[in-house]
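Please open the model in a viewer and keep the sequence at hand. The tour proceeds by selections, each followed by a short account of what is found there.

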Amino acid sequence: MTLPIYLVDAFTDTPFRGNPAAVCIVETPLASALMQQIAAEMAVSETAFLCLSEMNLRWFTPQTEVALCGHGTLAVAKVLAEQNKLQTGQTLTFATLSGPLSVTAEGERFTLDFPETLARPCPPDLPLLAALGIEPGAVSHFAMAGPKVLIVLEQPAQLRQLAPDMAALRRLPGRGVVVSTPSDDPSFDLLSRYFAPWVGVEEDPVTGSAHCMLSPYWGERLACRELRAWQASARGGALQLERRAGGRLAMTGAAVIMLRGALSL
């Protein structure tokens, strides 16, 4: 069996930047075990699988399936556009573990319609902060949405200098941690980094799903409906966010196809 495979840098218009995602688009469903094997083989933070007959979209890290993935969805949209299955101005809706999610093509950019995620403030997890290398006194906001954690600091330099102890993080319970600060670059409103060693992704370069949690916090704090976000990983990536009615978030970004090939199974 031969399956087409793409590698796409998402949330960037520049090669070797943004977040690389593998994309596999098929006519009929693949077995979950096979998708997990392919994701492990591709060894990027997410591999996205779209079954066209069902418009069912699934995402896998090298270790597990996830319920929501922004850069994987953006990467799928870019491949569909190349295949002339998604035209400028057209909207497609996918069935996912997070419910129906849509994407609209806007020339070289794509807008994802995702749900916002409200994180509830709670006392800081001191062992988690220690593993991240964050002093408790530097934390201005600590909140959780399920197993995911949002930590807000006030100094961008602290964010850029973070060097978490990944082994220590893995010894703690967890799923993902997003750390955010105001931006010191006037081109953006907020900065962030995202760590998820629990699912095989030590630092994710650009994380769309994390911005579903960031947008309610920063939208309220800055009293803004529209936000410009930069994920300050080594690769870096830009997201345009628009808070919409009904707890929805429009997330816009570009993508670059880096590799086109085939898997021989």
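Three aromatic pairs are present in this structure, which is a predicted model. Begin by selecting Phe-188 and Trp-230, whose rings form a tilted pair with 5.4 Å from centre to centre and 45° between the planes. This pair links distant parts of the chain, its two residues being 42 residues apart. Phe-188 belongs to the loop between strand E12 (176-182) and strand E13 (190-196), whereas Trp-230 lies in strand E15 (residues 226-231).

Are these two residues buried or partly exposed? Phe-188 has a relative accessibility of 18% and therefore counts as buried, the limit being under 20%. Trp-230, at 24%, counts as partly exposed.

Next, select Tyr-217 and Trp-218. Their ring centres are 5.0 Å apart and their planes stand at 90°, so this pair is edge-to-face; an angle over 60 degrees is what places a pair in that class. Tyr-217 is buried at 17% relative accessibility, and Trp-218 is buried with a relative accessible area of 0%.

The tour now turns to the nonpolar cores. In soluble globular proteins, nonpolar side chains tend to be buried together. The largest nonpolar core here has 54 residues, and Leu-80 and Met-251 are the ones that touch the most other members. Select Leu-80 and display its surroundings. Which residues is Leu-80 in contact with, leaving aside its neighbours within four places in sequence? They are Ile-25, Leu-50, Leu-52, Lys-85, Leu-86, Leu-92 and Phe-94. A separate, second core comprises 21 residues, among them Leu-129, Leu-159, Leu-169 and Trp-198.

Phe-94, one of the contacts of Leu-80, leads to the next selection. Show strand E6 (residues 91-94) together with strand E7 (residues 101-106): the two are antiparallel and pair over four bridges. Phe-94 has Leu-101 in E7 as its bridge partner. Six residues lie between the strands of this hairpin, where Gly-99 adopts a positive phi near 90°.

Finally, extend the selection to strand E8 (residues 109-115). How many bridges join E7 and E8? The two strands pair over five bridges, in the antiparallel sense. Ser-102 is matched across the strands with Asp-113 in E8 as its bridge partner. The hairpin of E7 and E8 has two residues between its strands, and Gly-107 takes a positive phi near 70° there. With E7 in view, one may thus see its pairing with E6 and its pairing with E8.

Notes. Residues are numbered from 1 along each chain as its sequence is written. This is a predicted model: local features need pLDDT of at least 70, side-chain atom pairs count only at pLDDT 80 or more; totals for chains, interfaces and linings use all residues. Side-chain values use heavy atoms; hydrogens and water are left out. Rings of Phe, Tyr and Trp (its six-membered ring) pair if their centres lie within 6.5 Å; planes under 30 degrees apart count as stacked, over 60 as edge-to-face and the rest as tilted. Buried means under 20% relative accessible area, exposed over 50%, partly exposed in between (1.4 Å probe, protein chains only). A nonpolar core is a set of buried Ala, Val, Leu, Ile, Met, Phe, Trp, Tyr and Cys residues joined through side-chain atoms within 4.5 Å. Contact means heavy atoms within 4.5 Å. Two strands pair if DSSP finds at least two bridges between them.
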